[in-house]
Amino acid sequence: MVGIVERLVPDELWELFQRVVPEAPSRPQGGGRRRHGDREVLAAIVFVATSGCTWQQLPTASFGSSGATAHRRFSEWSKAQVWAQLHRLVLDELGARGEPDWSRCAIDSVNMRALKKGDLTGPNPVDRGKYGSKIHLITERTGLPVSIAVSGANLHDSQALQPLVLDIPPIRSRRGPRRRRPGKLHGDKGYDYPHLRRWLRGRGIRHRIARRGIEPSNRLGRYRWVVERTVSWLASCRRLHRRYERKSEHFLAFAGIAATLICYRRLAKRDVL
């Protein structure tokens, strides 16, 4: 039977993680406490992200490390931007196999309440002014998240479009140079502003943004539904149902872990096929 560590962190994902994780500090000459293995700690972090449990509730017997150890390593790796690097690396592996599909992308956001406030939070206009945060994301044609960011819940969606597009990393292609620019970008009425349309055209991206007062609000559109599905995939990371982290970099880290797992599942599926 495959153990919980191997199930949460399969061999291929572990090999990719080893390429981005910082080198472990050397132990003091006088000995000191043995450092827990990175794979076991990574599995513990993935368990916290997907199960939604607190660090204190982490079952130490299953992973060999305490919640305090896992949280400390999570903080170190988040500061080193390991999760963003791992997400990009998985996208690179998919790119080498013929994905992502850059013919069209979609942009959207999702709100969640921030129970402890913290940075990058704000009063949510659709949640009676309760403090919350937004996750903004861009997905390619099949729903793979290629860019993800966090803001306060009071930030208008239109203000996130430009930085989110600029944050798309250059991803490998099976043939030709790396690519980071979609052929088309689909968005709902929250992005219906002339300056955004001009900006997208200036970057060679065709816009397919719903027009206020013309297109009905009860239709997601023929292509925009894909990003809505990815939002539901993010919900499989239960730690994102509410924001418990005061530090925005920690909340963004959990969003990055969720995006990485979505992309890795596609990669693992292709390996099986």
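A pocket, in the sense I will use today, is an open set of grid points with protein on both sides within 12 Å along at least five of seven lines, and a residue lines the pocket when one of its atoms is within 4 Å of a point. With that in hand, let me start from helix 6, which gives the most to the lining of the largest pocket, with five residues. Please keep in mind throughout that what we are looking at is a predicted model.

The largest pocket holds about 480 Å³ of space, and of the 20 residues that line it, Trp83, Ala84, Ile148, Asp167 and Leu252 lie nearest its centre. If you ask which elements give two or more residues to this lining, they are helix 5, helix 6, strand 4, which covers residues 145–152, and helix 10.

Let me stay with helix 6 for a moment. Helix 6 runs over residues 82–96, so to speak a stretch of 15 residues, and from its first C-alpha to its last it reaches 21 Å, close to the 21 Å expected at 1.5 Å a residue. Is this helix largely enclosed or largely open to the outside? Eleven of its 15 residues are buried, and therefore helix 6 is largely enclosed by the rest of the structure. Among the buried residues of helix 6 you will find Val82, Trp83, Leu86 and His87, and further along also Asp92, Glu93 and Gly95.

After the helix comes a stretch with some less common backbone geometry. As background, most residues other than glycine have a negative phi, and most peptide bonds are trans. Helix 6 is followed by glycine 98, whose phi is positive, near 100°. Then a cis peptide bond, with omega about -10°, joins glutamate 99 and proline 100, and proline 100 has its place in the loop between helix 6 and strand 1, residues 105–113.

Two residues other than glycine also have a positive phi. Lysine 117, with phi near 55°, is found in the loop between strand 1 and strand 2, and at 45% relative accessibility lysine 117 counts as partly exposed. Arginine 128, with a positive phi of about 55°, is found in the loop between strand 2 and strand 3, and at 72% relative accessibility arginine 128 counts as exposed.

Now let us turn to the interior. In soluble globular proteins, nonpolar side chains tend to be buried together. Here the largest nonpolar core has 71 residues, and those with the most contacts inside it are Phe17, Trp77, Trp83, Ile135, Ile138, Leu185 and Leu240. Helix 10, residues 248–272, gives the most to this core, with twelve residues. To make one of these residues concrete, tryptophan 77 touches, beyond its neighbours up to four places away in sequence, Phe17, Val21, Pro22, Asp38, Val41, Leu42, Ile45, Val82 and Trp83.

Some empty space is nevertheless left inside. How many cavities of 30 Å³ or more does the structure hold? The structure holds two, and about 70 Å³ of space lies in the largest cavity. Its lining is made by Leu13, Phe17, Leu42, Val46, Trp83, Leu86, Gly256, Ile257, Thr260 and Leu261. Helix 2, helix 3, helix 6 and helix 10 are the elements that give two or more residues to that lining, and helix 10 gives the most, with four residues.

A buried residue in a loop deserves a short mention. Serine 65 lies in the loop between helix 4, residues 60–63, and helix 5, residues 67–79, and at 1% relative accessibility serine 65 counts as buried. Leaving aside neighbours within four places in sequence, serine 65 is in contact with His36, Val41, Ala44, Leu58 and Thr60.

Finally, the cysteines. A disulfide is a covalent bond between the sulfur atoms of two cysteines, and this structure holds zero disulfides. Why does cysteine 53 not form one? The closest cysteine sulfur, in cysteine 237, is 11 Å from the sulfur of cysteine 53, which is too far for a bond, since the cut-off for a disulfide is a sulfur pair within 2.5 Å. Cysteine 53 is buried, with a relative accessible area of 11%, and cysteine 237 is buried as well, with a relative accessible area of 2%.

Conventions:
Residues numbered from 1 in each chain as written. Predicted model: local features only at pLDDT ≥ 70, side-chain atom pairs only at ≥ 80, totals over all residues. Heavy atoms only, no water. Buried < 20%, exposed > 50% of the residue type's maximum accessible area, 1.4 Å probe, protein only. Core = buried A, V, L, I, M, F, W, Y, C linked by side-chain atoms within 4.5 Å. Contact = heavy atoms within 4.5 Å. Expected span 1.5 Å × (residues − 1). 1 Å grid on protein atoms, 1.4 Å probe; cavity = no way out; pocket = protein on both sides within 12 Å on 5 of 7 lines; lining within 4 Å. Points joined across faces, edges and corners; volume = space filled by probe spheres on them.
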